[in-house]
Amino acid sequence: MNLIMNDLRTQRLLIVGDIHGFPETSVELLGIGRFEHRALQLADLSGRPGLRGDELHDQLFNEDGILRAVRALCEIDGRACVGIGFSAGGTALWQAVKAGLDLQALICVSSTRLRFETSPLHIPTMVVWAEFDPHRPSWNDTVPGCCKTYTGKQHDFYRIDALTPKSSLLTDVAAFVEGRAPCA
């Protein structure tokens, strides 16, 4: 399935950051002109814009923050978007798709809370993990449509790789968005 339209329209990316605020809203992921970015922060989506790090993690997963974030995401018109979520941002996007958010496709990067998911989504989905992330799921062959583990990497590898031109992560994300198979 080719997600990029052949008439040279800009592909829209809906990006949800991690609990530390990565990526900042001004960061241009993929660094390619044909991608239009809309970056959202979990703290804002959860109704607690002042929180970061462990406090935001607690708000999301021990209080009602993730439910608030999912509700906020479901209010967005994502029909023309590919969602990209980093860590807890990917978990929020996954749960929002389950709750009715309409996306073209979803990419979750180091979203280890997905280990609690038991079935795939109804849209093309790619998940990527770090080899040395102790919380990555064991369901790589059954739940996502496409899965890749990055050798020698830790959980937050994406903070460098997502900003490094031609990194394996960016190459794989672009290939997935364009409908090429990065997980062969």
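These are my notebook entries on a helix pair, a cysteine and a threonine in this predicted model.

**Entry 1: the helix pair**

I started with helix α3, residues 65–74, and helix α4, residues 88–98. Two packed helices are described by the angle between their axes and the distance between the axes, so I looked up both. For α3 and α4 the angle is about 60°, and the axes lie 9 Å apart. The two helices are therefore oblique to each other. I also noted the hand of the crossing, which is right-handed.

Next I asked which residues of α3 meet α4. From α3 I found Ile66, Ala69, Val70, Leu73 and Cys74, and on the α4 side their partners are Ala92, Leu93, Gln95 and Ala96. Sorted by character, the residues of this contact come out as 8 nonpolar and 1 polar, with no charged ones.

**Entry 2: cysteine 74**

Cysteine 74 sits in helix α3, so I kept going from there. Is cysteine 74 buried or exposed? Neither quite fits: cysteine 74 is partly exposed, because its relative accessible area is 28%, which falls between the 20% and 50% cut-offs. Leaving out residues up to four places away in sequence, I listed its contacts as Ala96, Ala99, Gly100 and Leu101. I then looked up leucine 101 on its own: 27 residues separate it from cysteine 74 in sequence, yet their C-alpha atoms are 4.7 Å apart.

**Entry 3: threonine 125**

My last stop was threonine 125, which belongs to strand β5, residues 125–130. Threonine 125 has a relative accessible area of 4%, so I put it down as buried. What does its side chain reach? I found the backbone oxygen of isoleucine 123, at 2.9 Å.

Methods. Residues are numbered from 1 along each chain as its sequence is written. This is a predicted model: local features need pLDDT of at least 70, side-chain atom pairs count only at pLDDT 80 or more; totals for chains, interfaces and linings use all residues. Side-chain values use heavy atoms; hydrogens and water are left out. Axes are lines fitted to C-alpha atoms, for helices over the stretch in contact, and angles run from 0 to 180 degrees between N-to-C directions. Helices (H or I, at least four residues) and strands (E, at least two) are DSSP runs, numbered from the N terminus. Angles under 35 degrees count as roughly parallel, over 145 as roughly antiparallel, 65 to 115 as roughly perpendicular and the rest as oblique. A crossing is left-handed if the near helix is turned anticlockwise from the far one by less than a right angle, and right-handed if clockwise. Contact means heavy atoms within 4.5 Å. Ala, Val, Leu, Ile, Met, Phe, Trp, Tyr, Cys and Pro count as nonpolar, Asp, Glu, Lys and Arg as charged, and the others, Gly among them, as polar. Buried means under 20% relative accessible area, exposed over 50%, partly exposed in between (1.4 Å probe, protein chains only). A polar contact is a pair of N or O atoms within 3.5 Å; within protein, one must be able to donate a hydrogen and the other to accept it, and residues adjacent in sequence count only if both atoms are side-chain atoms.
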